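Open the model in your viewer and keep the selection box at hand. Each stop below says what to pick and what you will find there.

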Amino acid sequence: MRIDVVSIFPEYLAPLELSLIGKARQDGLLDLKVHDLRDFTTDRHRTVDDTPYGGGAGMVMKPEPWAQALTAVAAGRSEDAGDARAASDAGAAGPPGSAGKPVLIVPSPAGERFTQATAHELAEEDQLVFACGRYEGIDERVLEWASEHFTVRPMSLGDYVLNGGEVAVLAMVEAIGRLLPGVVGNPESLVEESHSDGLLEYPVYTKPSSWRDRDVPAVLLSGNHGKIAQWRRHEQYRRTAERRPDLLVEFDAGKLPRADRTAFSDLGYDVVDGRLLRRPDA
Ligand code: SAM
């Protein structure tokens with residue numbers, strides 16, 4: 001997979017050189033380049049923002065540097081921002097998206113929510129481009145223009161406001177990158193994680209079995225794999241009901257075995273038409 005990130009703070013993306021994502025880049029599993037938006041400005045001060053039309057607080061990111069940058073990174077597949085700029089200036093690579101539309105992800109608190117399902121979906125793409133906004137965001141016309149050449153997806157990390165898109169990109173690239181084949185050593189560990197099956201993960205423990213008067217649940221030491229699997233499933237139900245009951249609304253309970261229905265019943269949920277319904281008295 002190819003990923004391009006455009007930002008006015010390229011150094012903010014330095015953590016993507018570390019750990020599993022850094023190793024994936026070294027191993028050639030992920031081709032990730034970070035570009036400085038200011039390299040695509042034409043004035044002496046390398047200006048990327050201006051005052052908002054209609055007045056109001058804050059500054060807005062100017063459209064032309066974004067058009068230059070996005071044209072270059074999408075079309076040029078360049079090795080660095082300098083090359084990308086040259087490709088854009090020369091018009092050498094033609095319009096972006098001419099060989100299949102790359103996905104342009106625009107981090108925004110006003111975007112669709114980024115979830116584990118989104119991460120799986122985006123991990124199937126050949127090329128992702130991330131446009132990191134700052135200030136009050138990017139001139140809206142950039143997204144309209146870009147949609148001719150990219151599949152544009154404004155995307156939110158959650159219902160809060162960050163100072164810029166970089167932190168959101170770090171999170172999204174990590175979530176997507178770890179799903180690429182070969183990035184995580186044991187692919188089994190991706191299957192049992194929180195959100196992989198619409199539930200939160202069960203609690204985990206390691207040695208010693210007794211620590212500061214707290215014992216690991218006995219079933220985990222029993223060696224009975226059937227019982228361990230059932231305990232873990234029921235812990236997933238308990239934890240999800242306690243911490244994220246909103247997730248249970250979408251949970252498909254139609255094929256749950258009797259013991260699992262009982263576990264949900266103990267938590268105050270009945271299975272009705274394959275869905276979990278919280279009992280009013282629970
Ligand atoms: N005025 C914008 C609004 O209310 O929608 C917020 C701008 S915010 C201060 C600056 C930039 O941070 C945004 O353009 C976006 O790139 C990023 N950002 C802020 N919150 C975010 C979130 N929850 N998810 C993704 N990106 C976010």
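**Stop 1: a threonine in a helix**

Select T71, which lies in helix α2, residues 63–76. Bear in mind throughout that this is a predicted model. Show the side chain of T71: one of its polar atoms lies 2.6 Å from the backbone oxygen of A67. Now add H149. T71 and H149 are 78 residues apart along the chain. Their C-alpha atoms are separated by 8.8 Å.

**Stop 2: the ligand**

Centre on the ligand and display its surroundings. How many residues surround the ligand? There are 18, and the closest are P107, E136, L157, Y160 and L162. Colour the shell by class. You get 9 nonpolar, 8 polar and 1 charged residues.

Next, pick out polar backbone atoms beside the ligand. Start with L162: a polar backbone atom there is 2.9 Å from a ligand nitrogen atom. Move to G158, where a polar backbone atom sits 3.0 Å from a nitrogen atom of the ligand. Then take G133. One of its backbone N or O atoms lies 3.4 Å from a ligand oxygen atom. Switch on the surface: the ligand taken alone exposes 580 Å², and the protein buries 82% of that.

Which elements give two or more residues to this shell? They are β5 (103–113) and β7 (151–156). The largest share, 3 residues, comes from β5.

**Stop 3: strand β5 and its partners**

Keep β5 selected and add β7. The two strands pair in the parallel sense, over 7 bridges. For one pair to label, take E112, whose bridge partner in β7 is M155.

Now add β6, residues 127–131. This strand runs parallel to β5, and 3 bridges join the two. Label I105 and F130: I105 in this pair stands opposite F130 in β6.

Bring in helix α4, residues 116–122. Together, β5, α4 and β6 make a right-handed β-α-β unit. Trace the ribbon from β5 over α4 to β6 to see the crossover.

**Stop 4: a charged pair in helix α8**

Go to helix α8, residues 225–243, and select E235 and R238. The two lie 3 residues apart, about one turn of the helix. Side chains of opposite charge can pair when their charged atoms come close. E235 and R238 form a salt bridge, with their closest N and O atoms 2.5 Å apart. The structure holds 18 salt bridges.

**Stop 5: backbone exceptions**

Most residues other than glycine have a negative phi, and most peptide bonds are trans. The next selections depart from that pattern.

Pick K207 and P208. What kind of peptide bond joins K207 and P208? The bond is cis, with omega about 5°. P208 is found in the loop between α7 (188–191) and β8 (210–211).

Step along to R212, in the loop between β8 and β9 (214–215). R212 is not glycine, yet its phi is positive, near 50°.

**Stop 6: a hairpin**

Finish with β10 (residues 269–272) and β11 (residues 275–278). These strands run antiparallel and are joined by 4 bridges. Select D270 and follow the bridge to its partner in β11, L277. β10 and β11 form a hairpin with 2 residues between them. Zoom in on the turn: D273 has a positive phi of about 50°.

Note on methods. Residues are numbered from 1 along each chain as its sequence is written. This is a predicted model: local features need pLDDT of at least 70, side-chain atom pairs count only at pLDDT 80 or more; totals for chains, interfaces and linings use all residues. Side-chain values use heavy atoms; hydrogens and water are left out. A residue is near a molecule or strand if one of its heavy atoms lies within 4 Å of it. A polar contact is a pair of N or O atoms within 3.5 Å; within protein, one must be able to donate a hydrogen and the other to accept it, and residues adjacent in sequence count only if both atoms are side-chain atoms. Accessible areas come from the Shrake-Rupley method with a 1.4 Å probe; for residues, only the protein chains shown count as cover. Ala, Val, Leu, Ile, Met, Phe, Trp, Tyr, Cys and Pro count as nonpolar, Asp, Glu, Lys and Arg as charged, and the others, Gly among them, as polar. Two strands pair if DSSP finds at least two bridges between them. A crossover is right-handed if, with the strands pointing away from the viewer, the path from the first strand over the helix to the second runs clockwise. A salt bridge is a side-chain nitrogen of Lys or Arg within 4 Å of a carboxyl oxygen of Asp or Glu.
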